Amino acid sequence: MYKKILVGYDGSEGGEKALSRALELAKSFNSELCLLTVIPPSSMAFGEIVVPDAVNLSLIIESSRKRLSDLAAKLSAEGYKVRFEVLTGDPGDTIVSYAEVNGCDLIVLGRRRLSKLERLVLGSVTHKVAGKSTKADVLVVP
C-alpha cells in the first residue's frame with residue numbers, strides 16, 4: 001500500500017514513537033523509509049534552541065546528519081530500505097515539500113507535547129503538515 005514512508009525524526013520521544021510505527025508499516029508493506037530531520041533557521045528557533053546568535057547551525061546539522069547516518073546504517077543492517085536527509089527551513093513546509101518531491105505516500109510524525117504558549121508562538125508542525133499535505137497520507141502517532 002505505501003511505497004515510501006517519510007518519518008519526521010528528531011530523536012525526541014515523539015520522533016522515536018513515529019519511527020517505531022513507521023518501521024512496523026515498512027515491514028508490512030516492504031516500503032522504503034525516508035528519515036528526515038528539519039532544523040529551523042536560527043531566526044525561527046525557539047524552545048530547545050534558545051539563543052539564536054549562539055547557535056552554530058553547521059554543528060547542529062552535522063550532529064543530526066551523524067545521528068541519522070548511524071540510525072540508517074543500523075536499520076539497513078536489519079533489512080530495511082532507508083535513506084535520510086537533514087534540511088533547514090520551516091519544519092512543516094519542508095516536510096510537505098520533501099514528501100511531494102520525493103514521492104512519499106505516507107508521512108509519519110510523533111506528537112510533540114507543547115504548552116499552549118509554545119503552540120501559540122511556534123504553531124504545531126504536525127497540524128501544519130496535516131493541513132498542507134495533499135499527496136501523502138499523514139499519520140500522527142500519539
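**Checking the labels: Ser133, two cysteines and the strands**

User: What makes the link between the side chain of Ser133 and the backbone oxygen of Ala136 a polar contact?

Analyst: A polar atom of the Ser133 side chain sits 2.7 Å from that oxygen. A polar contact is a pair of N or O atoms within 3.5 Å; within protein, one has to be able to donate a hydrogen and the other to accept it, and residues adjacent in sequence count only if both atoms are side-chain atoms. So 2.7 Å falls within the 3.5 Å limit. Bear in mind that this is a predicted model, where local features need pLDDT of at least 70 and side-chain atom pairs count only at pLDDT 80 or more, while totals for chains, interfaces and linings use all residues. Residues are numbered from 1 along each chain as its sequence is written, and side-chain values use heavy atoms, with hydrogens and water left out.

User: Is Ser133 buried or exposed, and how do you know?

Analyst: Buried, because its relative accessibility is 15% and the label needs under 20% (exposed is over 50%, partly exposed in between; 1.4 Å probe, protein chains only). Ser133 is in the loop between helix H5 and strand E5. Beyond its neighbours within four places in sequence, it is in contact (heavy atoms within 4.5 Å) with Val96, Ile107 and Val138.

User: Why is there no disulfide at Cys34?

Analyst: The closest cysteine sulfur, in Cys104, is 3.9 Å away, too far for a bond, because a disulfide is a pair of cysteine sulfur atoms within 2.5 Å. The count is zero disulfides. Cys34 is buried at 0%, and Cys104 is buried too, at 3%.

User: How do you know that E1 and E2 pair?

Analyst: They share five bridges, in the parallel sense, and pairing takes at least two bridges found by DSSP. One of the partners is Leu35 in E2, which bridges to Val7. Strands here are DSSP runs (E, at least two residues), as are helices (H or I, at least four), numbered from the N terminus. E2 also runs parallel to E3, with eight bridges, and Leu35 stands opposite Phe84 there. Seven of the eight residues of E2 are buried.

User: Which parts of the model get the lowest and highest confidence?

Analyst: Among the elements, helix H4 has the lowest mean pLDDT, 53, and strand E1 the highest, 97. That score is the predictor's confidence in each residue, from 0 to 100. The protein averages 86, with 82% of the residues at 70 or above. Over residues 44-54 pLDDT stays under 50.
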